[in-house]
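This report examines how strands and helices are arranged in one protein chain. Please view the sequence and the structure together while reading.

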Amino acid sequence: MNKTCYARWGLGLGLALAAASFSAAASGALPCRPAGGSPAALAALAADIRSGDTFYRYLAARKGAPSVCRGKAGVAEGAADQAAQSWLAFSWPDGSRFERTGLPPEISIMRYARAGGLHDAKEAAAQLRAYADKRGLHIDWTAPYHLHEDGARIVEYRDKDPGVNGIARLTYARHTLVAVSLSVAP
């Protein structure tokens with residue numbers, strides 16, 4: 001690629017970043033810093049999560065606006081016909097973090113974590129249940145699976161339909177709930 005192409009690409013990327021930042025700033029939302037992918041797709045993903053993700057909205061109502069937003073969204077580089085993994089992470093000053101990851105068309109993961117423990121552990125677990133229900137999952141909350149990974153104790157609940165592969169997880173460090181997550185990978 002010659003210098004003119006690099007300059008045009010850089011100018012186009014700069015304009016796209018500025019447009020995404022302006023759009024987020026105009027709506028009063030913190031702009032997301034891209035870690036690759038399409039800045040416009042990242043801005044759209046962030047707007048979609050802010051407006052439609054019930055777990056994020058629960059957190060924003062409880063904690064206020066996040067202090068950091070970072071992510072990647074869009075089409076895989078060099079493969080215009082294939083979707084790439086997208087992810088978005090919102091962080092708050094208390095060290096908590098909400099993440100959504102997706103690999104279209106079917107894999108989706110939501111995770112809310114704080115290394116020092118979730119301040120609102122019971123409410124976060126209740127929100128996880130509601131989140132799974134809202135997505136149409138049929139998690140069997142009466143049949144926990146107990147796992148241990150990297151010194152953490154994980155209590156996992158699975159969707160009754162094995163073809164859905166829906167899994168809700170509560171992760172504990174010692175006796176403190178440090179993360180909740182929901183994944184779907186049919």
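The sections below treat the sheet, its central strands and the helices that pack on it.

## The sheet

The model is a predicted one. Its sheet is open and contains nine strands, arranged in the order 1-2-3-4-5-9-8-7-6 with mixed pairing. Strand 1 (33-37) and strand 6 (145-149) form the edges, each pairing on one side only. From one strand to the next, the twist averages 15°.

## Strand 9 and its partners

In the strand order, strand 9 stands between strand 5 and strand 8. Strand 5 (residues 107-113) and strand 9 (residues 176-184) run antiparallel and are joined by six bridges. Along this pair, serine 108 stands opposite valine 184 of strand 9, and methionine 110 stands opposite leucine 182. In a regular strand, side chains alternate between the two faces of the sheet.

On the other side, strand 8 pairs with strand 9, also in the antiparallel sense, over eight bridges. Here tyrosine 172 is placed opposite leucine 177 of strand 9. The hairpin formed by strand 8 and strand 9 has two residues between the strands, and arginine 174 adopts a positive phi near 60° in this hairpin. Strand 9 is mostly covered, with seven of its nine residues buried.

## Helix 4 on the sheet

Helix 4 (residues 121-134) packs on the sheet and touches strand 4, strand 5, strand 8 (166-173) and strand 9. The direction of helix 4 makes about 5° with that of strand 9.

## Helix 2: placement and geometry

Helix 2 (residues 39-52) lies across strand 1, strand 2 (68-73), strand 3 (86-91) and strand 4 (97-103). Helix 2 runs at about 55° to strand 3. Strand 4 is thus named among the strands of both helices: helix 2 lies across strand 4, and helix 4 touches strand 4.

The length of helix 2 can be checked against a simple expectation. At 1.5 Å a residue, its 14 residues should span 20 Å, and the end C-alpha atoms are 20 Å apart, which agrees.

## The buried face of helix 2

Which residues of helix 2 are buried? They are Pro39, Leu42, Leu45, Ala46, Ile49 and Arg50. Viewed down the axis of helix 2, these buried residues fall within an arc of 130°, so they line one face of the helix. An α-helix has 3.6 residues a turn, so residues three or four places apart point the same way.

Terms used:
Residues numbered from 1 in each chain as written. Predicted model: local features only at pLDDT ≥ 70, side-chain atom pairs only at ≥ 80, totals over all residues. Heavy atoms only, no water. Pairing = 2+ DSSP bridges. Helix = DSSP H or I, 4+ residues; strand = E, 2+ residues; numbered from the N terminus. Axes fitted to C-alpha atoms, helices over the stretch in contact; angles between N-to-C directions. Contact = heavy atoms within 4.5 Å. Buried < 20%, exposed > 50% of the residue type's maximum accessible area, 1.4 Å probe, protein only. Expected span 1.5 Å × (residues − 1). Arc of directions from axis to C-beta.
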